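Colleague: Could you take me through the annotated binding site in this model, residue by residue where you can, and then show me how that part sits in the rest of the chain? A connected account would suit me better than a list.

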Amino acid sequence: VEETLVLVKPDGVARNLTGEILRRIEAKGYQLVDIKLVEASRELLGAHYAEHEGKPFYEPLVEFMESGPIVAIRVAGNGVIEGFRSLAGTTNPTSAAPGTIRGDLGRDWGLKVQQNLVHGSDSVESAQRELGLWFD
Ligand code: GTP
Ligand code: MG
């Protein structure tokens, strides 16, 4: 069965939204396979966000992801990679649709688009790579 990596980013953990985000994943019928609270190292974040290295938002993004604990979740289900991204909504919370995690719970923090509560893998290849980084 398909698996994806979901991260509740530091803003989601700090705002006590982990339970609400888990509730939405479970209500959709996906299975929680593994879960842990992580203070991510720069090495892990550099590997996780390697595709964004050199972009203007890369440093602030990594600093934000280092700013507090993250909840990492291995989630399984048919079509869960695309399905979770649909639950999450588009990257910028201001334009994310109501009904989505980012649309319902996220908000604009000026230029800090990186504070968008959750991460979800974007392909089968990314999911395998990212699950290997965050879980043994
Ligand atoms: P993830 O599930 O977190 O990977 O989000 P995504 O796939 O919707 O976005 P993408 O992989 O393109 O970017 C990764 C993360 O970088 C986003 O979730 C944001 O936190 C941040 N990010 C992306 N684009 C921008 C941008 O233009 N400005 C800023 N400040 N942050 C950005
Ligand atoms: Mg992405």
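Modeller: Happy to. In the unreviewed UniProt entry, the "binding site" annotation covers K9, F57, R85, T91, R102 and N116. Please keep in mind that everything here is read from a predicted model.

Let's begin with R102, which belongs to helix α6, residues 101-105. R102 counts as buried because 21 other C-beta atoms lie within 10 Å, and the cut-off is 20 or more. Setting aside residues up to four places away in sequence, R102 touches A88, G89, T90, P93, A96, N116 and L117. One of these partners, N116, is itself on the annotated list.

N116 sits in the loop between α6 and β4. It is buried as well, since 24 other C-beta atoms lie within 10 Å of its own. Beyond its neighbours within four places in sequence, N116 is in contact with T91, P93, R102 and G106. T91 and R102 are both covered by the binding-site annotation, so the contacts of N116 link it to two further annotated positions. P93 appears among the contacts of R102 and also among those of N116.

Now to the annotated active site. The same kind of record, an unreviewed UniProt entry, places the "active site" annotation on H119. H119 lies in strand β4, residues 118-120. With 22 C-beta neighbours inside 10 Å, H119 is classed as buried. Leaving out neighbours within four places in sequence, H119 is in contact with V6, L7 and K9, and K9 is one of the residues under the binding-site annotation.

What does β4 pair with? Strand β1, residues 3-8, is joined to β4 by 3 bridges, and the two run antiparallel. V8 stands opposite V118 in β4. Both strands belong to an open sheet of 4 strands, ordered β2-β3-β1-β4 with antiparallel pairing. β4 and β2 (31-38) are the edge strands, each pairing on one side only. From one strand to the next the twist averages 15°.

Across this sheet there is a helix to look at too. Helix α7, residues 124-134, lies across β1 and β3 (70-76), at about 55° to β1. A127, E130 and W134 are its buried residues. Seen down the axis of α7, they fall within an arc of 75°, so they line one face of the helix. The cover over these buried residues includes β1, α3 (42-48), β3 and α5 (80-88). On the face turned away from the buried side, α7 carries the exposed residues V124, E125 and G132.

Stepping back to the whole chain, there are 7 helices and 4 strands, and from the N terminus the elements run β-α-α-β-α-α-β-α-α-β-α. Among contacts between residues at least 6 apart in sequence, 70% join residues at least 24 apart. Buried residues make up 32% of the 136 residues. The C-alpha trace spans about 35 × 35 × 25 Å along its principal axes. The radius of gyration is 14 Å, which agrees with the value near 14 Å for a compact globule of 136 residues.

Note on methods: Residues numbered from 1 in each chain as written. Chains lettered and ligands numbered in written order. Predicted model: local features only at pLDDT ≥ 70, side-chain atom pairs only at ≥ 80, totals over all residues. UniProt positions renumbered as here; feature names shortened; annotations may be inferred. Buried ≥ 20, exposed ≤ 12 C-beta atoms within 10 Å, placed from the backbone. Contact = placed C-beta atoms within 7 Å. Pairing = 2+ DSSP bridges. Axes fitted to C-alpha atoms, helices over the stretch in contact; angles between N-to-C directions. Rg over C-alpha atoms; globule rule 2.2 N^0.38 Å. Arc of directions from axis to C-beta.
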